[in-house]
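Welcome! Please take a moment with the sequence and the 3D view below, and then let us walk through them together.

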Amino acid sequence: MNRPIYLDCHATTPVDDRVLAAMLPYFTEHFGNASSVGHAYGWEAEAAIAQAREILANAIGATPEEIIFTSGATEANNLAIKGVAESYFSRGKHIITLQTEHNAVLDPCRYLESLGFEITFLPVQADGLMDLVTLEKALRDDTILVSVMAANNEIGVLQPLAEIGALCHDWRCQAPKDRNILFHTDAAQAIGKIPLNVEAMKIDLMSLTAHKVYGAKGIGALYVRRRNPRVQLAAQLHGGGQERGLRAGTLSTPLIVGLGKAVEIALQEMPSESERINRLRDRMWQSLQTLDGVYLNGHATQRLSGNLNVSVENVDGQALLLALQPAIAVSSGSACTSAKIAPSHVLQALGLTDSLAYASLRFGIGRFNTEEECDRAVHCVINAIQSLRDR
Ligand SMILES: *Cc1c(COP(=O)(O)O)cnc(C)c1O
């Protein structure tokens, strides 16, 4: 029995063989604790982690001291948002984010709302992009944080990070001296797929994860700016004082080594891979358009190369997913919300009707997908839609 063709790379990606090979020795031979400063086992682990930290820092234009390892993007988002809220509440209690953010941003924001913070959940335009004028109007004297994702996990839309960073920064210049508006971005889907630079984009905090770029699940990082301004964060995990006291807990050497390797590979291959994957995506979309009543969700070009999100008219969403499931692994809405039977909050924010939001498919094309697989997948989708419509 053939396994379904995997086209769900926004949910997770397989570990690249080269990443696995880099990790393996750190499970066995080099098992030391990086906090063991008194012997060679500890030094080996510490050196390997330092190297990964440097790769990550270079990848985003940061310095190694600005990288804090976490268990993934969820934890990085929680540390960034709750950590800022706890540190800066005396300056203000207003935070701005988008309605289309991942739940790992929305839920910490809702939690803070329950504690008395004021959160503005900005709407997006019909193409999924945010409007900078709307953001500018929402900025207030008591705004402490703007959190806007780099790339959306459902519709792949790329938000204008540099423009947002400039807005937060300009505001900072005009405002009284002690007011900062910090800019956080959840870059879980963006790292290794699009160029990111915390200086050029004026980003103060950036969440990263390994498992969307062919690294392991359970490892990620938060970039925390240490200069102009130096971001003050309240730790969310207390204990052994690791990661400058910002995130206690023994560092997972193998997973961190893998994260470094995964990002290194993704950066090297970014130009050729994004072009190849872009071509596969456009090819799939062209074939799907031979059907009537199939719509692209999200901006046509300002999006991740591997993302194709479509809504299908006159088809029941659940029935469609069920019909496809033996042949292809895709998702409708995001993996994190699919347990609840509710239309995707992202597609709703674009203004889609419930039935179009339900009858949507998210294809995530990745490194290991071939043209032949994509052709076969589209063929299956077209057949399934036609037969459901003929009933
Ligand atoms: C996957 C994802 C997360 C969660 O990352 P984990 O490392 O699984 O915690 C957060 N934000 C976005 C945009 C994601 O795609």
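Around the ligand of this predicted model stand Gly-72, Ala-73, Thr-74, His-102, Met-149, Asn-153, Asp-186, Ala-188, Gln-189, Thr-209, His-211 and Lys-212. Sorted by class, this shell holds 3 nonpolar, 7 polar and 2 charged residues.

Some of these neighbours reach the ligand with polar side-chain atoms. The table lists such contacts, each made to an oxygen atom of the ligand.

| Residue (polar side-chain atom) | Ligand atom | Distance |
|---|---|---|
| Thr-74 | oxygen | 2.6 Å |
| Gln-189 | oxygen | 2.7 Å |
| Lys-212 | oxygen | 2.7 Å |

How much of the ligand does the protein bury? Taken alone, the ligand exposes 380 Å², and the protein buries 88% of that area.

**The seven-stranded sheet**

Let us turn to the strands. An open sheet is built from 7 strands, and reading across it gives the order S2-S8-S7-S6-S5-S3-S4, with mixed pairing. Its edges are strand S2, residues 67–70, and strand S4, residues 118–122, each of which pairs on one side only. On average, neighbouring strands in this sheet are turned by 20° against each other, direction ignored.

One pair in this sheet is easy to follow in the viewer. Strand S7 covers residues 205–209 and strand S8 covers residues 220–224; the two pair in the antiparallel sense over 5 bridges. If you look for Met-206, you will find Tyr-223 of S8 standing opposite. Thr-209, one of the residues around the ligand, falls within the range of strand S7, residues 205–209.

A helix also belongs to this picture. Helix H2, made of residues 40–60, lies across S2, S7 and S8, and runs at about 115° to S2.

**Two backbone details**

The loops that touch this region hold two spots to look for. In the loop between S7 and S8 you will find Tyr-214. This residue has a positive phi of about 70°, although Tyr-214 is not a glycine.

Where does Pro-229 sit? Its place is in the loop between S8 and helix H7, which spans residues 253–288. The peptide bond leading from Asn-228 to Pro-229 is cis, with omega near -5°.

**The three-stranded sheet**

Further along the chain, another open sheet is made of 3 strands in the order S9-S10-S12, and its pairing is antiparallel. Why is one side of S9 and of S12 left without a neighbour in the sheet? Strand S9 (294–296) and strand S12 (360–364) stand at the edges and each has a single partner strand, so one side of each has no neighbour there. Neighbouring strands of this sheet are turned by 25° against each other on average, again with direction ignored.

Within this sheet, S9 and strand S10, residues 307–312, run antiparallel and are joined by 3 bridges. Here Val-294 stands opposite Val-312 in S10.

How values were computed:
Residues are numbered from 1 along each chain as its sequence is written. This is a predicted model: local features need pLDDT of at least 70, side-chain atom pairs count only at pLDDT 80 or more; totals for chains, interfaces and linings use all residues. Side-chain values use heavy atoms; hydrogens and water are left out. Two strands pair if DSSP finds at least two bridges between them. Helices (H or I, at least four residues) and strands (E, at least two) are DSSP runs, numbered from the N terminus. Axes are lines fitted to C-alpha atoms, for helices over the stretch in contact, and angles run from 0 to 180 degrees between N-to-C directions. Contact means heavy atoms within 4.5 Å. A residue is near a molecule or strand if one of its heavy atoms lies within 4 Å of it. A polar contact is a pair of N or O atoms within 3.5 Å; within protein, one must be able to donate a hydrogen and the other to accept it, and residues adjacent in sequence count only if both atoms are side-chain atoms. Accessible areas come from the Shrake-Rupley method with a 1.4 Å probe; for residues, only the protein chains shown count as cover. Ala, Val, Leu, Ile, Met, Phe, Trp, Tyr, Cys and Pro count as nonpolar, Asp, Glu, Lys and Arg as charged, and the others, Gly among them, as polar.
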